[in-house]
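Trainee: Could you walk me through this model before I start on my notes?
Mentor: Gladly, and please stop me whenever a term is new to you.

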Protein chains: 2
Amino acid sequence: MRDEKFCASNCSFTRAIGTVGNKWKPIILNVIGTRTIRFGQLDSIVPLISRKVLTEQLKELEEDGLLERLAYKELPPRVEYKLSEKGLAFLPILESIKEWNIKYEVAPMPGEADKKFRINYARTV
Amino acid sequence: MRDEKFCASNCSFTRAIGTVGNKWKPIILNVIGTRTIRFGQLDSIVPLISRKVLTEQLKELEEDGLLERLAYKELPPRVEYKLSEKGLAFLPILESIKEWNIKYEVAPMPGEADKKFRINYARTV
DNA sequence: ATTTGTAGTTACTCGATGGTAACCAGAATA
DNA sequence: TATTCTGGTTACCATCGAGTAACTACAAAT
């Protein structure tokens, strides 16, 4: 899910998009936020994600230094995830995306195409 | 390339990621910036994108209200794109992603795995 | 002795994604 | 007359992404 061509670009912005510019990573980072969370919790909180994809995304986020993984040598296993300094520094960006969408999102009313009748569902969180 | 399930979510943030959370849209928005630009220019400036995908992305950005498309009835045709108010309001977010990456990106040196020898290529733009 | 629980991994499969090349209009140019 | 120019669209095909189900380890509980 990381874009290797983008990550190999000589443009810093393109590399950034290559690492976090997919649909799952912003969602996962936002769900984790400032807390420490276990794999199973993430699996049940993040909507519609499969274990396989979640595992992949978490591994990449760790490799890219946004996430810290702490595995306890217990049985049954326990693994905790939390954002690194780099990951925490990304949270304000997610916040500004939220604010941007709340301000500008316009949803069409069901069955009504005319723009005059469009309403703003932005506050629906 | 838009994620329809995300766009149908009742969470504003998830919907936002559903519309701009892919690899091409941030790149395209960043390339356009504050200027007016023609299709052919975008096709040659945006690295590695195909006409087909570029067309799709531009269409979605227009549908989502980030982009304005102005087609002149000439032959050969001329079409100009520029960001809408909503699109322009997204640019500061892209800027903060750039700054974030410049501050935190760490690239491994080729052939050297030891973290002690990693250097920061962040200023390479 | 069997089930439960966690955090994954693996193999298999199907649908979506994305690239390529060909094609379009119709005026201007050679 | 043939070619060029622009901004696409279409069909075709290979690749990729992602979902599902089964499987792992081992301790504790039933």
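Mentor: We can take the two protein chains first, then the DNA strands, and then some details of the backbone.

Trainee: What should I know about how the model is described?
Mentor: This is a predicted model, in which local features need pLDDT of at least 70 and side-chain atom pairs count only at pLDDT 80 or more, while totals for chains, interfaces and linings use all residues. Residues are numbered from 1 along each chain as its sequence is written, chains are lettered from A and ligands numbered from 1 in the order in which they are written, and side-chain values use heavy atoms, with hydrogens and water left out.

Trainee: Ok, how many residues of chain B are in contact with chain A?
Mentor: There are 39 residues of chain B in contact with 39 residues of chain A, where contact means heavy atoms within 4.5 Å. Together the two chains bury about 3600 Å², and 69% of that is on carbon and sulfur atoms; buried area is the accessible area, taken with a 1.4 Å probe, that two parts lose on being put together, summed over both.

Trainee: And which residues of chain B lose the most area?
Mentor: Those are B:Phe13, B:Trp100 and B:Tyr104, which together make up 21% of what the chain B side buries against chain A.

Trainee: How many salt bridges are there across that interface?
Mentor: The rule finds four salt bridges between chain B and chain A, a salt bridge being a side-chain nitrogen of Lys or Arg within 4 Å of a carboxyl oxygen of Asp or Glu. One of the salt bridges joins the side chains of A:Glu105 and B:Arg15, at 2.8 Å from N to O. The interface also has 10 residue pairs in polar contact, with both residues at pLDDT 80 or more. A polar contact is a pair of N or O atoms within 3.5 Å; within protein, one must be able to donate a hydrogen and the other to accept it, and residues adjacent in sequence count only if both atoms are side-chain atoms.

Trainee: Which elements of chain B give two or more residues to the side that touches chain A?
Mentor: They are α1 (4-7), α2 (12-20), α3 (24-32) and α6 (85-104) of chain B, and the largest share, 13 residues, comes from α6(B). Helices (H or I, at least four residues) and strands (E, at least two) are DSSP runs, numbered from the N terminus. That side of chain B divides into 22 nonpolar, nine polar and eight charged residues; Ala, Val, Leu, Ile, Met, Phe, Trp, Tyr, Cys and Pro count as nonpolar, Asp, Glu, Lys and Arg as charged, and the others, Gly among them, as polar.

Trainee: What rotation superposes chain B on chain A?
Mentor: A rotation of 180° with 0.0 Å of shift along its axis does so, with an RMSD of 0.0 Å, and that is the relation of a two-fold axis. The superposition is by least squares on the C-alpha atoms of residues with pLDDT of at least 70 in both copies. In chain B, the C-alpha nearest the axis belongs to B:Asn22, 2.3 Å from it. Since 100% of the interface residues of chain B are also interface residues in chain A, the copies meet through the same surface.

Trainee: Switching to the DNA, which residues come nearest to strand C?
Mentor: Of the 18 residues around DNA strand C, the nearest are A:Arg69, A:Pro77, A:Tyr81, B:Lys52 and B:Leu75, and a residue is near a strand if one of its heavy atoms lies within 4 Å of it. A polar side-chain atom of A:Arg69 lies 2.6 Å from a phosphate oxygen of DNA strand C, while one of B:Lys52 lies 2.5 Å from a base oxygen of that strand.

Trainee: What about strand D?
Mentor: DNA strand D is surrounded by 17 residues, and the closest are A:Met1, A:Lys52, A:Leu75, B:Arg69 and B:Pro77. Sugar and phosphate account for 68% of the atoms of DNA strand D that come within 4 Å of the protein. A base nitrogen of DNA strand D is 2.9 Å from an N or O atom in the side chain of B:Arg51.

Trainee: Last thing, is the peptide bond from A:Leu75 to A:Pro76 cis or trans?
Mentor: The bond from A:Leu75 to A:Pro76 is cis, with omega near -5°, and A:Pro76 is found in the loop between β2 (67-72) and β3 of chain A. In chain B, the bond from B:Leu75 to B:Pro76 is cis, with omega near -5°.
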